[in-house]
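Trainee: I've got a model open and I'd like to talk through it with you. Can we take it a piece at a time?

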2 protein chains.
Amino acid sequence: MADSQSRYEERRIDTGRITLNVRIGGSGPLMLFFHGITANSAVFGPLMDAFSDRFTTVAVDQRGHGRSDKPETGYEAIDYADDIAALIKTLDMGPAILVGHSLGSRNSVTAAQRHPELVRSVVAIDFTPYIEDEVFASLSARVNAGDQAFADTEAVVAYLANRYPNIPAPAIRIRAESGYAPAADGLRPLASASAMAQTAEGLRADLVPAYRDVTRPVLIMRGADSKLVSAAALEKTHELRPDLPIVVVPGADHYVNETNPDVTINAIRNFIDG
Amino acid sequence: MADSQSRYEERRIDTGRITLNVRIGGSGPLMLFFHGITANSAVFGPLMDAFSDRFTTVAVDQRGHGRSDKPETGYEAIDYADDIAALIKTLDMGPAILVGHSLGSRNSVTAAQRHPELVRSVVAIDFTPYIEDEVFASLSARVNAGDQAFADTEAVVAYLANRYPNIPAPAIRIRAESGYAPAADGLRPLASASAMAQTAEGLRADLVPAYRDVTRPVLIMRGADSKLVSAAALEKTHELRPDLPIVVVPGADHYVNETNPDVTINAIRNFIDG
């Protein structure tokens, strides 16, 4: 495959509480990547390419996703966040920089708040407190509609390109090739449908306490055209924590690191090298 | 004196190109502070208090100001910026974190652009490209009106409290007690009137190239109620460099680090610990 993620070794890591599938590259201090709902670790290939010269980069299939364990229940913020803590302890390389998109952003900030000794800082991409109810309802509908069988990878590509109209074709292909596996009726998502439904519901929980109380540095990133984090939600988050730096990426929608990897990479550099 | 700046040793440092008066504290990597026009190193006492446990903190009287040398000419951005480079080389402790307010912000970003090997990062407080002509005209008028004699320190306090209505009384007193000295006709500013006029004029020079080309991380801070950096100037700067993190401090005017030291300190921590 020509995908950049194919350069990274896949490994299953038993953290004691769950076994997680990860992609690993580079060397140096630990930088972990956590994807959004229904995605998997492969989406972070371009960011791993940028940081593997200085960091041990580990992109994680979070619980219920990709080739990681998929328990029947346990898809709240603390379940995901405590997986992050257990992974850092198992790797024995903390404190780690956490880069999270959407669900992964929520999980990373929650982990930093609950386990500050294991986290150096968080890059929190396009997920904040104060996201509106109707936004969550729309997200749940999109997530649940993904539970279907596809004739082949090209059918998956067509579906994803329609679902994510601003994500460039190479990044769509990474999602299509990494996130689906043969089943009796065709290609089906690796992500568990039940886990996705529970996870989407869990995203509605109040995130204000985690943002209010987190003591580690958090870079708040938002796509200027995001339909998930509204300008109003960002403004309220800024009022809650005016000391946290903000980067709004012009021309980006919710999928900031896939639509605008270059600005994302530069913004992360400017934060971690500050 | 009860002022926090009185805890820091004053020292004159010959950089080879100019002798600068500084206040020094702490130990560890180098963090330098550069004040705004007509001010001096004493204004950074509260920030030095916050960072001297981890950094060698050095607040600088910039050329023409305080007890530093005051050449007849040479008050452009590169004159100030090359002083910063010479100071870091003389101290032999680079690369340094530069924290600059207003004039000091302009000088710090210019130094980082011209001498990236000497600078780790910049905290650029309330000075950006795209400041409007009428804002500079108003600033020049205020600066030039400061060239007067005062009967005593209380008269200076009254004058400064009127000029800076949002700066708290203790910070006004620091300015009054540190920035004036007896002359034939009363207390006069330590800052050279001719140097101030030239410096105010020099602030109008185009700052776009420095911001466009700087490769070191810059945290852009603005007071939400700043009359110097308008919301429009900040937005244009963001369009120029969307990868640079931004902190807008609620309730702060131009004098962000004096009106809101706590948020300023936390924002700096979140940037340098990222």
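**A loop residue, the interface and the cores**

Mentor: Sure. Keep in mind that this is a predicted model. Let's start with Ala39(A), which sits in the loop between strand E3 (30–34) and helix H1 (45–51) of chain A.

Trainee: Is Ala39(A) buried or exposed?

Mentor: Go by relative accessibility, where buried means under 20%. Ala39(A) comes out at 4%, so this loop residue counts as buried.

Trainee: Leaving aside neighbours within four places in sequence, which residues is Ala39(A) in contact with?

Mentor: One thing to look at on the way is Gly104(A): it is 65 residues from Ala39(A) in sequence, and the C-alpha to C-alpha separation is 10 Å. For contact we want heavy atoms within 4.5 Å. With the sequence neighbours set aside, the contacts of Ala39(A) are His65(A) and Arg175(A).

Trainee: On to the interface. What area is buried between chain A and chain B?

Mentor: People often give interface size as the accessible area lost when the parts come together. Here 24 residues of chain A contact 24 residues of chain B. Carbon and sulfur atoms give 58% of the buried area, and the total is about 1,800 Å².

Trainee: Which three residues supply more than any other three of the area that chain A buries against chain B?

Mentor: That trio accounts for 33% of what chain A buries there. The names are Asp243(A), Asn270(A) and Gly274(A).

Trainee: Which element gives the most to the side of chain A that touches chain B?

Mentor: The elements giving two or more residues are strand E6 (119–125), strand E10 (246–249) and helix H11 (261–272) of chain A. That side of chain A divides into 13 nonpolar, 5 polar and 6 charged residues. The top contributor, with 7 residues, is H11(A).

Trainee: How many residue pairs are in polar contact between chain A and chain B?

Mentor: Salt bridges don't help us, as the rule finds 0 across this interface. Polar contacts are there, though, counting pairs with both residues at pLDDT 80 or more. The count is 7.

Trainee: And which helix of chain B gives the most to the largest nonpolar core?

Mentor: In soluble globular proteins, nonpolar side chains tend to be buried together. The largest core here has 53 residues, and Val122(B) is one of those with the most contacts inside it. Beyond four places in sequence, Val122(B) touches residues including Leu98(B), Val218(B) and Phe271(B). The helix giving the most, with 7 residues, is H2 (residues 77–91) of chain B.

Conventions. Residues are numbered from 1 along each chain as its sequence is written. Chains are lettered from A and ligands numbered from 1 in the order in which they are written. This is a predicted model: local features need pLDDT of at least 70, side-chain atom pairs count only at pLDDT 80 or more; totals for chains, interfaces and linings use all residues. Side-chain values use heavy atoms; hydrogens and water are left out. Buried area is the accessible area (1.4 Å probe) that two parts lose on being put together, summed over both. A salt bridge is a side-chain nitrogen of Lys or Arg within 4 Å of a carboxyl oxygen of Asp or Glu. A polar contact is a pair of N or O atoms within 3.5 Å; within protein, one must be able to donate a hydrogen and the other to accept it, and residues adjacent in sequence count only if both atoms are side-chain atoms. Helices (H or I, at least four residues) and strands (E, at least two) are DSSP runs, numbered from the N terminus. Ala, Val, Leu, Ile, Met, Phe, Trp, Tyr, Cys and Pro count as nonpolar, Asp, Glu, Lys and Arg as charged, and the others, Gly among them, as polar. A nonpolar core is a set of buried Ala, Val, Leu, Ile, Met, Phe, Trp, Tyr and Cys residues joined through side-chain atoms within 4.5 Å. Buried means under 20% relative accessible area, exposed over 50%, partly exposed in between (1.4 Å probe, protein chains only).
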